[in-house]
Amino acid sequence: MDVCKATCAGMGESIRAFWGNPSALLATIGLVAIIFANNAYLSWAPKFAAVRFSQDLTVGSAGFGTMMWHHAAAFAAILLGGFLTDVAVRRHARCRLYVQAFAMLLGAPAIAMIGFGATVQTLWFAVAAYGLFRGVAEANSHANLHDVVEPRFRSSAEGLSSMVAFFVGSLSPLMFGWLSDRYGIAGFRFGFVVLSVGYVMGAASLLISAALTFDKNRVKE
């Protein structure tokens with residue numbers, strides 16, 4: 001009985017450490033925006049490219065291009081962006097918040113451009129730009145959570161944050177499917193605009209944290 005009480009008390013403390021932490025919740029909104037866009041992109045970008053540029057691309061080349069250019073840029077951005085932010089944060093504690101926020105603000109028009117590019121080359125440029133800014137943002141998304149959650153609660157916070165992000169993110173492929181079935185290419189385009197707006201909202205949550213809550217919740221190690 002004592003073990004059960006201690007376990008329940010510990011779980012309750014872990015949950016409060018996340019849900020009662022404004023900076024952790026704001027960081028989670030930023031992660032939600034990333035996952036929401038990423039899930040829809042991975043699910044539907046190949047089909048969009050194949051349908052939109054059916055005269056120029058096969059289904060295979062559309063799938064390869066939308067994945068390869070995007071992830072190659074994201075891979076480079078994660079390596080370089082993560083390293084540079086780790087260096088900069090030693091002097092400026094809010095640096096990760098600002099880097100992720102501005103990467104998302106710059107990524108938002110790139111996402112919208114995917115839907116409205118007039119040529120295949122424009123499409124590849126847009127998906128690479130989205131990958132670049134997504135990589136920088138994602139390299140900081142989990143670290144931002146660690147900056148405001150005590151080490152003993154970080155696994156619980158990571159689990160809760162990821163659960164929320166992937167639950168909400170699971171809705172974006174459904175949204176894209178419905179829009180494309182109902183409106184065709186125009187539906188896809190509207191969907192990419194929705195994803196870009198989500199990126200802006202995620203960036204706003206991080207800037208709010210930097211301005212209002214970060215200093216109070218920051219964990220100094």
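These legends accompany close-up views of a predicted model.

**View 1. An enclosed cavity with helices H2 and H5 in its lining.**
Searching the whole structure for cavities of 30 Å³ or more turns up one. The largest cavity has a volume of about 40 Å³. To find its wall in your viewer, select Ala27, Thr28, Leu31, Ser141, His142, Leu145 and Ser161, which line this cavity. Helix H2 (22-52) and helix H5 (120-146) are the elements that each give two or more residues to the lining. Sorted by class, the lining of the largest cavity holds three nonpolar and four polar residues, with no charged ones.

**View 2. The largest pocket and its charged lining residues.**
This pocket holds about 170 Å³ of space. Its lining is made up of Val89, Arg90, Ala93, His146, Asp147, Arg154, Phe214, Arg218, Val219, Lys220 and Glu221. By class, that lining of the largest pocket divides into six charged, four nonpolar and one polar. Lys220, one of the lining residues, is in the segment after H8. With a relative accessibility of 70%, Lys220 counts as exposed. From C-alpha to C-alpha, Lys220 lies 25 Å from Gly202, and 18 residues separate the two in sequence.

**View 3. Tyr130 and Tyr199, an edge-to-face pair.**
The structure holds nine aromatic pairs, and here is one of them: the rings of Tyr130 and Tyr199 meet edge-to-face, 6.1 Å centre to centre, with 70° between the planes. Tyr130 belongs to helix H5 and Tyr199 to helix H8, so this pair ties together parts that are 69 residues apart in sequence. Are these two tyrosines buried or exposed? Tyr130 is buried, with a relative accessible area of 1%, and Tyr199 also counts as buried, at 0% relative accessibility.

**View 4. Phe176 and Phe192, an edge-to-face pair in a ring cluster.**
Phe176 and Phe192 form an edge-to-face aromatic pair, with 5.1 Å from centre to centre and 80° between the planes. Phe176 sits in helix H7 (residues 171-183) and Phe192 in helix H8, so the pair ties together parts that are 16 residues apart in sequence. Phe176 is buried, with a relative accessible area of 1%. Phe192 is buried too, and its relative accessible area is 1%. Widen the view a little and you can trace a cluster in which ring pairs link Trp44, Phe48, Phe176, Phe188 and Phe192.

**View 5. Arg52 over the ring of Phe53.**
Here a charged group meets an aromatic ring. The charged end of Arg52 sits over the ring of Phe53, at 4.6 Å from the centre of that ring.

**View 6. Ile34, a buried residue of helix H2.**
Ile34 lies in helix H2 and is buried, with a relative accessible area of 0%. Which residues does Ile34 touch, leaving aside those up to four places away in sequence? Its contacts are Gln100, Met104, Ala137, Glu138, Ser141 and Tyr199. Two of these names appear in earlier views: Ser141 is among the residues that line the largest cavity, and Tyr199 is a partner in the pair with Tyr130. Phe166 is 132 residues from Ile34 in sequence, yet the C-alpha atoms of Ile34 and Phe166 are 9.8 Å apart in space.

**View 7. Asn144, a buried residue of helix H5.**
Asn144 is found in helix H5. At 3% relative accessibility, Asn144 counts as buried because the limit for that class is under 20%. Beyond residues up to four places away in sequence, Asn144 touches Arg96, Leu97 and Gln100. Gln100 is also among the contacts of Ile34, so you may like to keep View 6 open alongside this one.

**View 8. Ser196, a buried residue of helix H8.**
Ser196 lies in helix H8, which covers residues 185-217. Its relative accessibility is 9%, and Ser196 counts as buried. Leaving out residues up to four places away in sequence, Ser196 touches Ala108, Ile111 and Ala112.

Definitions and conventions. Residues are numbered from 1 along each chain as its sequence is written. This is a predicted model: local features need pLDDT of at least 70, side-chain atom pairs count only at pLDDT 80 or more; totals for chains, interfaces and linings use all residues. Side-chain values use heavy atoms; hydrogens and water are left out. Helices (H or I, at least four residues) and strands (E, at least two) are DSSP runs, numbered from the N terminus. Buried means under 20% relative accessible area, exposed over 50%, partly exposed in between (1.4 Å probe, protein chains only). Contact means heavy atoms within 4.5 Å. On a 1 Å grid over the protein atoms alone, a cavity is a set of points where a 1.4 Å probe fits but cannot get out, and a pocket is an open set with protein on both sides within 12 Å along at least five of seven lines; lining residues have an atom within 4 Å of a point. Grid points are joined across faces, edges and corners, and a volume is the space filled by probe spheres set on the points. Ala, Val, Leu, Ile, Met, Phe, Trp, Tyr, Cys and Pro count as nonpolar, Asp, Glu, Lys and Arg as charged, and the others, Gly among them, as polar. Rings of Phe, Tyr and Trp (its six-membered ring) pair if their centres lie within 6.5 Å; planes under 30 degrees apart count as stacked, over 60 as edge-to-face and the rest as tilted. A charge sits over a ring if NZ of Lys or CZ of Arg is within 6 Å of the ring centre and within 35 degrees of the ring normal.
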